Every structure is written in structure tokens, then in C-alpha cells.
Amino acid sequence: MQQDTARRVPLPGANKGGVWVPMGERDYKIAPLNFKALRTLSADIQAMAEVVAGVMPSAEQMGVLVKLSHAALKRNYPEITADDVEELRDFGNFTEVLLA
């Protein structure tokens with residue numbers, strides 16, 4: 001199934017790769033974390049090993065998910081804030097964003 005490219009949020013700068021994921025009314029390209037982010041966020045990534053798709057994460061896990069999502073999204077969208085990411089994340093895109 002081909003995605004509707006009109007929904008895609010344009011990349012403001014260099015394309016760091018990734019996958020398009022629907023969040024809110026638009027699609028965002030979530031880039032893979034670089035080694036610096038992986039090293040810096042390794043404890044948070046380890047904490048997310050317990051998160052199971054389809055199960056509501058705890059408040060603490062949701063905070064970590066926002067932190068990790070923000071790190072990945074700001075590679076393609078440098079101006080996006082953690083607050084923006086928290087507004088865009090929901091239970092409907094939880095698994096897809098986690099796997100991106």
C-alpha cells in the first residue's frame with residue numbers, strides 16, 4: 001500500500017533516513033539513532049526492553065519513549081521539541097514508533 005505523500009511533513013534539511021510513521025494528522029520520518037545518541041541513551045533503551053507491544057506503558061516508560069522518539073525525530077526535524085513529540089505520540093502509533 002502506497003502512503004499518501006501529501007500527509008508527509010517535509011524534511012527541513014538533510015535527510016537522515018528512516019521510516020515514515022503516522023503521528024497525529026501527518027507522517028513524520030523517524031531516523032535511526034546515531035551512535036552518540038545510542039551511547040547517551042543506552043540506559044533508557046535498556047529500560048524499554050520490558051515494554052511489550054499492545055500493553056499500556058507506565059508513566060515512566062512513556063517519558064522514556066518520548067525522550068527516545070525526540071532524539072530520533074530531531075535528526076530529521078531539528079526544530080521539533082520533546083513537548084511536540086509528546087503531543088504527537090499516542091497509543092495508536094505506540095508500537096510503530098517504537099519499532100521505527
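A residue counts as buried when its relative accessible area is under 20%, as exposed when that area is over 50%, and as partly exposed in between. The structure discussed here is a predicted model. In this model Asp-44 has a relative accessible area of 15%, so Asp-44 is buried.

Asp-44 is also a partner in a salt bridge. Its side chain meets that of Lys-67, with 3.0 Å from N to O. The pair links distant parts of the chain, since Asp-44 sits in helix H2, Lys-67 sits in helix H3, and the two are 23 residues apart. Lys-67 has a relative accessible area of 42% and is therefore partly exposed. The bridge thus joins a buried acid to a partly exposed base.

The model holds 2 salt bridges by the rule applied here. In general, side chains of opposite charge can pair when their charged atoms come close. Arg-7 and Asp-27 also form a salt bridge through their side chains, at 2.7 Å from N to O. Arg-7 belongs to the segment before strand S1 (19-23) and Asp-27 to strand S2, so this contact ties together parts that are 20 residues apart in sequence. Asp-27 is buried, because its relative accessible area is 2%. Arg-7, at 28% relative accessibility, counts as partly exposed.

Strand S2 (residues 26-30) leads on to the aromatic side chains, since Tyr-28 lies in this strand. The count of aromatic pairs comes to 1. The pair consists of Tyr-28 and Tyr-77, whose ring centres are 5.4 Å apart and whose planes stand at 75°; planes over 60 degrees apart count as edge-to-face, so this pair is edge-to-face. Tyr-77 is placed in the loop between helix H3 (59-76) and H4, so the pair ties together parts 49 residues apart in sequence. Are these two tyrosines, Tyr-28 and Tyr-77, buried or exposed? Both Tyr-28 and Tyr-77 are buried.

Helix H4 spans residues 82-88 and contains Glu-87. Glu-87 has a relative accessible area of 65%, which means that it is exposed. On the surface, Glu-87 gathers with Asp-83, Asp-84 and Glu-86 in a patch of negative charge.

A surface patch of another kind involves helix H2. Phe-35, Leu-38 and Ile-45 make a nonpolar patch of about 300 Å². Of these residues, Ile-45 is found in helix H2, the helix that also holds Asp-44. Ile-45 counts as partly exposed because its relative accessibility is 32%.

The loop between helix H2 (42-47) and H3 includes Val-55, and Met-48 has its place in this loop too. Which of the two classes, buried or exposed, describes Met-48? Met-48 is buried, as its relative accessible area is 8%. Along the chain, Met-48 and Val-64 are 16 residues apart, and their C-alpha atoms are separated by 7.6 Å. Val-55 is partly exposed, because its relative accessibility is 47%. The C-alpha atoms of Val-55 and Phe-94 are separated by 9.7 Å, with their positions 39 residues apart along the chain.

Definitions and conventions
Residues numbered from 1 in each chain as written. Predicted model: local features only at pLDDT ≥ 70, side-chain atom pairs only at ≥ 80, totals over all residues. Heavy atoms only, no water. Patch = residues over 30% accessible without salt bridge, like charges linked within 9 Å, V, L, I, M, F, W, Y side chains within 5 Å. Areas by Shrake-Rupley, 256 points an atom, 1.4 Å probe, with all protein chains shown as cover. Salt bridge = Lys/Arg side-chain N within 4 Å of Asp/Glu carboxyl O. Lys, Arg positive; Asp, Glu negative; His and termini not counted. Charge placed at Lys NZ, Arg CZ, Asp CG, Glu CD. Helix = DSSP H or I, 4+ residues; strand = E, 2+ residues; numbered from the N terminus. Buried < 20%, exposed > 50% of the residue type's maximum accessible area, 1.4 Å probe, protein only. Phe/Tyr/Trp six-rings, centres within 6.5 Å; stacked < 30°, edge-to-face > 60°.
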